[in-house]
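I opened my notebook to jot down what I looked up in this one. Here is the structure I had on screen.

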Amino acid sequence: MQLDIHSSTELSDVAKLFYGDDFPNIFLAQDGQTFDVYVGENSYHFEYTDGVYSIMPQDHADKRLAKIAVYDALVDYTGRIMPWGALTGVRPTKLFYECMGLGYSVDESKSLMQKIYRVSEARADVLKKIILSQSGNVRFAPEYINLYVHIPYCTTRCSYCSFVSMPIDKCKKQSEDYVLRLCDEIKASLDLLKNHGKKILSVYIGGGTPTAIDDHLFDMLLSALGNFDCEYTCEAGRPDTVTAEKCNIMRAHGVTRVCVNPQTLNEKTLELIGRRHSVQQFFDAYEAVKNRGFDINCDLIAGLPEETADDFVTSFEAIRALKPDNITVHSLSKKNGSALRYSDRSNKQTYAMLDYALSNMGEYAPYYLYRQKRQECNLENVGLSLPNKTCVNNITTMEETVSVMACGAGAISKVIGNGTITRFANMRDVGQYISRYDERLKAKLNYFSSQFK
């Protein structure tokens with residue numbers, strides 16, 4: 001019996017690596033570890049009986065081998081090779097750790113990623129470096145929780161953005177109502193964690209742009225959180241929202257790490273993607289944050305519209321010269337919820353941009369990585385860190401080793417333990433979050449109480 005891969009999300013995702021949404025009819029027939037793949041007028045026969053494939057968990061082997069078969073057929077049919085091979089998931093590091101969990105060394109696991117999943121030499125080497133960098137920071141500790149708080153407001157909406165985020169100038173009254181309820185949710189959540197003997201491993205305030213809200217609301221929010229003796233990150237991604245007062249509020253409430261994100265240092269691109277700040281405003285904001293002693297992360301995006309590899313290199317080298325503690329390099333992902341749609345023409349230079357960053361890290365080392373659908377050139381997002389400056393929140397959240405208490409509109413909490421992950425999602429729409437607040441808070445607290453028994 002032949003399976004039309006259009007009916008399988010996982011197999012369709014492999015075809016989309018090569019074609020996007022408009023891929024030809026592809027059929028798959030399976031008999032154990034033997035596969036026949038039919039693409040157009042061509043047929044391909046594969047037998048994955050080599051012992052190397054036996055390391056796959058039995059409950060996942062059929063699906064994984066089917067994806068590899070479709071990938072191998074499309075490589076032959078199109079003549080193209082993908083940097084991440086047959087992998088379509090968010091967390092390729094999990095497979096690397098899976099290999100190591102079977103007793104293979106780091107180098108042997110790297111080789112298995114290449115042999116089994118067709119990951120390129122360059123990307124397998126990045127995974128190896130990340131695993132070495134994460135040593136000692138990836139742990140499952142049931143008594144610890146990562147606390148995430150979401151602010152759904154920005155100064156403007158970037159063309160590539162698909163997050164829960166709205167222009168703050170149009171939402172002043174709503175932002176007051178939102179922060180009042182958010183502060184209440186934070187206090188109720190912290191009380192529940194305390195009553196169950198949980199400890200905070202890290203705090204992360206994200207968005208949107210948390211520093212976009214008015215000073216008194218920002219101070220109210222951080223007061224509700226209180227001070228923590230742990231890694232405490234606040235995103236200040238829009239440089240035009242970074243003021244002396246905002247920096248002083250963060251300092252007074254114990255924030256230790258601030259994200260100041262230019263995305264690019266090309267004025268023309270900033271205007272094109274809808275960011276209402278200048279390159280100089282970024283440098284001014286960076287200096288204000290640095291002068292107050294925060295650890296700093298800077299984001300850059302590879303593959304922005306009309307940018308060349310040279311444009312990206314200029315931005316990357318200028319950021320590297322500042323020596324922030326972390327640099328996160330994203331390859332552009334075009335999502336349905338963004339104005340910059342995935343059907344747009346791809347930036348074919350994105351691979352060269354990522355390749356430059358990973359080949360010219362200097363003192364930096366990659367320490368975490370994740371992937372998204374519809375990323376330019378089938379690439380990734382990778383965090384780079386100076387020695388001893390890795391972000392514990394990024395590592396443990398991405399590797400899913402520590403539970404997450406998430407507060408705010410669209411925030412998703414996770415409870416991790418005993419090989420399972422369960423989730424609770426807050427209302428994504430801000431108006432719904434406000435109007436249904438009491439009902440959903442009760443449901444959330446009941447969820448965590450039942451999970452922590």
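My entries below go through a sheet, a helix pair and one threonine.

**Entry 1, the sheet.** I should say up front that this is a predicted model. I looked up a sheet and found that it is open, with 4 strands in the order β1-β2-β3-β4 and antiparallel pairing. I noted β1 (3–4) and β4 (42–47) at the edges; each has a single partner strand, so one side of each has no neighbour in the sheet. Then I checked β2 (residues 26–31) against β3 (residues 34–39), and the two pair over 6 bridges in the antiparallel sense. In that pairing, Ile26 sits opposite Val39 of β3. I also saw helix α2 (residues 58–78) packing on the sheet, where α2 touches β2, β3 and β4. The direction of α2 makes about 40° with that of β3.

**Entry 2, two helices.** How do α7 and α8 lie relative to each other? I got an angle of about 10° between α7 (residues 215–225) and α8 (residues 244–252), with the axes 10 Å apart. Angles under 35 degrees count as roughly parallel, so I wrote the pair down as roughly parallel. On the α7 side, the contact uses Asp215, Phe218, Asp219 and Leu222, while α8 brings Glu245, Lys246, Ile249 and Met250. I sorted these residues into 4 nonpolar and 4 charged, with no polar ones.

**Entry 3, Thr264.** I found Thr264 in the loop between β10 (257–259) and α9 (267–272). Is Thr264 buried or exposed? Its relative accessible area is 1%, so I put Thr264 down as buried. Leaving out residues up to four places away in sequence, Thr264 touches Thr269, Leu270, Leu300, Leu304, Glu307 and Ser315. With Glu307, I noted a side-chain to side-chain polar contact of Thr264 at 2.6 Å.

Technical notes
Residues numbered from 1 in each chain as written. Predicted model: local features only at pLDDT ≥ 70, side-chain atom pairs only at ≥ 80, totals over all residues. Heavy atoms only, no water. Axes fitted to C-alpha atoms, helices over the stretch in contact; angles between N-to-C directions. Parallel < 35°, antiparallel > 145°, perpendicular 65-115°, else oblique. Contact = heavy atoms within 4.5 Å. Nonpolar A, V, L, I, M, F, W, Y, C, P; charged D, E, K, R; others polar. Buried < 20%, exposed > 50% of the residue type's maximum accessible area, 1.4 Å probe, protein only. Polar contact = N/O pair within 3.5 Å; in protein donor to acceptor, adjacent residues only side chain to side chain. Pairing = 2+ DSSP bridges.
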